Amino acid sequence: MGWLDTGRPGQLRQICTELLRPRKDIAAQKSDEQTINSPLFKSLIDYVRAAGRCSVLDLGPAFGTNVTFFGELHCKLQIADCATSLVDLNAREEIGPEVYGVELQRLLPVEEMGPFDAILTWDLLNYLDKPLYAALMTHLSPCVSGDTWLHAYISSRREMSASPQHYRLDLEGRVVITDIGIATQPSPCYPQQTLRTLMPRFGVSRATLLQNGMQEYLFKGQGRGHRQR
Amino acid sequence: MFDQVKQNMGKWNRQGEEEETTSTTDAARPTTSRMNNQSQAPAMIGPSIRIKGDLTGEENLIIEGQVEGTIHLDKNDLTIGSNGRIKANIQAKGIIVEGQVEGDIIGKEKVIIRRTGNMRGNIVAPRVTLEDGAMFKGSIEMEPEARRGSETESTRATSNKDVSSSAATSIAAASSGKV
C-alpha cells in the first residue's frame, strides 16, 4: 500500500477512496426527485380506475402518496417492500437457485395475497440475474391470471443506477423517481425475447422507450381471468 | 417523550380534524384544547410493562410497552408510542403507530403510521395515512363506504362507467401494439 502514500497515480488513490466511501456519503450526493413521463403506467392506472377495487402488488418500498393514491382508487394495495432483499439475495453467491423458492416464500408469501390485478415491479427486474428473475416469476404465477397486468421498467442502456431506484406517485398518478443515485453499474439490457423466456405466464402487451433510457413494459397475464364483470 | 404521544391522542379528539403531518407544540395549541386533553387523558402502558393476552377497554390508550395477543378498543383510540412493541391483532376506532407492530389492524375511523413506525401486517380502515420514512410491509385496504357518503358513491359509479369504456379502449389499443 506504500504507493498510495508516495504520490503515485493519484487516480488510483481517488478510485480507492471512492470505493471505500461509506454509502451515507454516496446517498448525500443524490439529487432531487424527478417526475417521468410514463405512458404505459398511465394506461394501467386508467384500467385500475375503471375496473375498481383492484388488488395491486407493489414490490417496492412503502410511500405515503402511493397509499393515498391507490386508496382513492379503492384498491387493495399490497406492499411487499422486497426489492432490496431480492437484490441482496441475488448477490449472495453461496445461495443457489434451489433455495430461491424458500427465500421468495419468506419475502413474498403470495398464497396469502390472492390474485392480483396489477403488479408493479418498477426497475427491480434489471437487478436480478436470470435464475432469480425466473424464480420470482414462477413464485408469482399462482397469483397471475388473464386479468393480471405487470408493469416494469427495463433498462435499455449499458449503465443503470447501482441499486433499484425508489418510485412514488404524486397525487395525479404521475411517477416520481426519488433518491436518484449517481453511482452506476452495468445493465443486463434484457431483450424482449429474453423477457418472454423468463416470464412464461405473461405476454408483452405494450412497450415504449422512455427518455431516461428505460424501456417501459406492460405485460398481460396468460390464461383465464379472475375478475367477473 | 410521552408529551408528544399525548399530543397525538389529543388530535383524535379534535372535531373536523384534517391530515396532520406536522407536530404542533403545546404553546401553539389553544388553551381550551389543552384542557380537553387533560380531561380525557388516555391510559398508558409504560415502557417496562409486558402484557400477554387480550387487551380490551373503553378509554383511549397509549402503549409504550410490549403487548402480545389481541387489542380491542372498539370505541376508543390507540397510540402505539415509539417505544411500543406490539405483536397482536388490533381493533380500535383510531390507531396511531409510532413504534413496532406485527399483526393486523382494523381501524374504524383512521390509521396513521408515523415516520418512526414500523409495521408488518394488514390494515383495513376508511382512511390510512403513511408518513414518509415509515416502514410498512403488508396490505392496505380502505373501505370507501365508510369514507364517503352514498350519494358520492353513486356519482362515482356513474362516472366509472364512462371511464370504464375509455380505459377498455385504451388497453385494447395497447394490445394491438399502438403506443
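Two strands count as paired when DSSP finds at least two bridges between them. Keep that in mind for the first stop, and remember throughout that you're looking at a predicted model.

**Stop 1: the strands of chain B**

Start by colouring chain B by secondary structure: four helices and 11 strands should show up. Now select E4(B), residues 66-80, together with E5(B), residues 85-97. These two strands run parallel, joined by 12 bridges. For a landmark, click on B:Val67, which sits opposite B:Ile86 in E5(B).

Next, add E2(B), residues 50-56, which runs parallel to E4(B) and is joined to it by seven bridges. Here the pair to label is B:Thr56 and, facing it in E4(B), B:His72. Then bring in E3(B), residues 61-63; three bridges tie this strand to E4(B), again in parallel. Look for B:Ile63 opposite B:Ile80 in E4(B). While the side chains are on display, a general point: in a regular strand they alternate between the two faces of the sheet.

**Stop 2: B:Val97**

Stay in E5(B) and centre on B:Val97. Is B:Val97 buried or exposed? B:Val97 is buried, because 28 other C-beta atoms lie within 10 Å and 20 are enough to qualify. Leaving aside residues up to four places away in sequence, select what B:Val97 touches: B:Ile80, B:Ile113, B:Arg114, B:Gly117 and B:Met119. You've already met B:Ile80, as the partner of B:Ile63. For a distance check, draw a line from the C-alpha of B:Val97 to that of B:Gly138; you should get 14 Å, for two residues 41 apart along the chain.

Before leaving, zoom out: 33% of the 179 residues in chain B are buried. Of the chain B contacts with a separation of 6 or more, 9% link residues 24 or more positions apart.

**Stop 3: chain A, the overview**

Switch to chain A, with its nine helices and 11 strands. Buried residues make up 42% of its 229 residues. What share of the chain A contacts with a separation of 6 or more comes from residues 24 or more positions apart? The figure is 72%.

**Stop 4: helix H8(A) and its neighbours**

Select residues 130-140 of chain A, and you have H8(A). Show side chains for A:Leu132, A:Tyr133, A:Ala135, A:Leu136, A:Met137, A:His139 and A:Leu140: they are the buried ones. Around them, turn on helices H6 (83-91), H7 (100-107) and H9 (192-198), plus strand E4 (118-120), all in chain A; the buried residues of H8(A) pack against these elements.

Now keep just H7(A) and H8(A) in view. Their axes come within 10 Å and cross at roughly 55°. That angle makes H7(A) oblique to H8(A), and the crossing is right-handed. On the H7(A) side, pick A:Tyr100, A:Gly101 and A:Leu104; these meet A:Pro131, A:Leu132, A:Ala135, A:Leu136 and A:His139 in H8(A). The residues of this contact are six nonpolar, two polar and no charged.

**Last stop: a sheet in chain A**

Finish on the open sheet of three strands in chain A, ordered E1-E8-E7 with antiparallel pairing. At the edges are E1(A), 34-36, and E7(A), 166-169, each pairing on one side only. From one strand to the next the twist averages 35°. Zoom in on E1(A) and E8(A), residues 175-178, where three bridges join the two antiparallel strands. Label A:Gln34 and, opposite in E8(A), A:Ile177.

Technical notes. Residues are numbered from 1 along each chain as its sequence is written. Chains are lettered from A and ligands numbered from 1 in the order in which they are written. This is a predicted model: local features need pLDDT of at least 70, side-chain atom pairs count only at pLDDT 80 or more; totals for chains, interfaces and linings use all residues. A residue is buried if 20 or more other C-beta atoms lie within 10 Å of its own, exposed if 12 or fewer, and partly exposed in between; C-beta atoms are placed from the backbone. Two residues are in contact if their C-beta atoms, placed from the backbone, lie within 7 Å. Axes are lines fitted to C-alpha atoms, for helices over the stretch in contact, and angles run from 0 to 180 degrees between N-to-C directions. Angles under 35 degrees count as roughly parallel, over 145 as roughly antiparallel, 65 to 115 as roughly perpendicular and the rest as oblique. A crossing is left-handed if the near helix is turned anticlockwise from the far one by less than a right angle, and right-handed if clockwise. Ala, Val, Leu, Ile, Met, Phe, Trp, Tyr, Cys and Pro count as nonpolar, Asp, Glu, Lys and Arg as charged, and the others, Gly among them, as polar.
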